[in-house]
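Hi,

Here is the structure I said I would pass on. Have a look at it first, and then read my notes below.

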Amino acid sequence: MDKRSLVASLLLLALGFVGVVHTVADFAYGTGLSGIGIPLVGVALVGLVVVNR
């Protein structure tokens with residue numbers, strides 16, 4: 001694994017974490033952020049698959 005793919009993977013993991021936090025906040029507190037969180041997690045997962053194939 002080279003440095004670029006490692007950095008990309010870590011950024012995508014951070015993006016996925018932010019998406020999960022937004023989704024959990026919506027379910028716990030009714031903030032309305034699941035519309036942002038769920039697609040963010042999806043984009044992060046697809047990005048991880050593309051970077052690490």
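**Starting at S9**

Let me begin with one residue and work outwards. Leaving out residues up to four places away in sequence, S9 touches M1, L48, V51 and N52. S9 itself lies in helix α1. Its relative accessible area is 7%, and since anything under 20% is called buried here, S9 is therefore buried. Before you read too much into any of this, please keep in mind that the model is predicted.

**The chain as a whole**

What does the chain have in the way of secondary structure? There are two helices and zero strands. The C-alpha atoms fill a box of roughly 40 × 15 × 10 Å along the principal axes. The radius of gyration is 13 Å, where a compact globule of 53 residues would come out near 10 Å.

How much of the chain is buried? Of its 53 residues, 25% count as buried. The accessible surface is about 3900 Å², and 75% of that belongs to carbon and sulfur atoms. As for contacts, take those between residues at least 6 apart in sequence: 48% of them join residues at least 24 apart.

**Helix α1 and what it packs against**

Helix α1 covers residues 3-29, which makes 27 residues. From first C-alpha to last, α1 reaches 38 Å, close to the 39 Å expected at 1.5 Å a residue. After α1 comes G30, with a positive phi near 70 degrees.

Which residues of α1 are buried? The list is S5, S9, L12, G16, G19, T23, A25 and D26. What do those buried residues pack against? Their partner is α2, residues 34-51.

**Along the helix pair**

Here are a few positions, going along α1 in sequence order.

- S5 is in helix α1. With a relative accessible area of 14%, S5 is buried. S5 and N52 are 47 residues apart in sequence, yet 7.2 Å separates them in space, C-alpha to C-alpha. N52 also turns up among the residues that S9 touches.
- L15 can be paired with L45, which is found in helix α2. The C-alpha atoms of L45 and L15 are separated by 9.4 Å, with their positions 30 residues apart along the chain. Is L45 buried or exposed? The relative accessible area of L45 is 52%, and the cut-off for exposed is over 50%, so L45 counts as exposed.
- H22 has its place in helix α1. Its relative accessible area is 23%, so H22 falls in the partly exposed class, between the 20% and 50% cut-offs. H22 and I36 are 14 residues apart in sequence and 7.2 Å apart in space, again C-alpha to C-alpha.
- T23 lies in α1 too. At 13% relative accessibility, T23 counts as buried. T23 and L33 are ten residues apart along the chain, and their C-alpha atoms are separated by 6.2 Å.

It is worth putting the contacts of H22 and T23 side by side. With neighbours within four places in sequence left aside, H22 is in contact with L33, S34 and G37. On that basis, T23 is in contact with S34, G37 and I38. S34 and G37 thus appear in both lists.

**A nonpolar patch on the surface**

Which residues form the nonpolar patch on the surface? They are M1, L6, L10 and L13, with about 450 Å² of accessible area together. L6 lies in helix α1, and at 41% relative accessibility L6 counts as partly exposed. M1 has a second role in these notes, as one of the residues that S9 touches.

**If you only have a minute**

Look first at the buried residues of α1 packing against α2. Then follow S9 to its contacts, which include L48 and V51, and T23 to its own, G37 among them. Finish on the patch made by M1, L6, L10 and L13.

Tell me what you think once you have had it open for a while.

Cheers

Terms used
Residues are numbered from 1 along each chain as its sequence is written. This is a predicted model: local features need pLDDT of at least 70, side-chain atom pairs count only at pLDDT 80 or more; totals for chains, interfaces and linings use all residues. Side-chain values use heavy atoms; hydrogens and water are left out. Helices (H or I, at least four residues) and strands (E, at least two) are DSSP runs, numbered from the N terminus. The radius of gyration is taken over C-alpha atoms; the globule rule is 2.2 Å times the number of residues to the power 0.38. Buried means under 20% relative accessible area, exposed over 50%, partly exposed in between (1.4 Å probe, protein chains only). Contact means heavy atoms within 4.5 Å. Accessible areas come from the Shrake-Rupley method with a 1.4 Å probe; for residues, only the protein chains shown count as cover. The expected span of a helix is 1.5 Å times one less than its number of residues. Patches are made of residues with over 30% relative accessible area and no salt bridge: like charges are joined within 9 Å, nonpolar side chains (Val, Leu, Ile, Met, Phe, Trp, Tyr) within 5 Å. A salt bridge is a side-chain nitrogen of Lys or Arg within 4 Å of a carboxyl oxygen of Asp or Glu.
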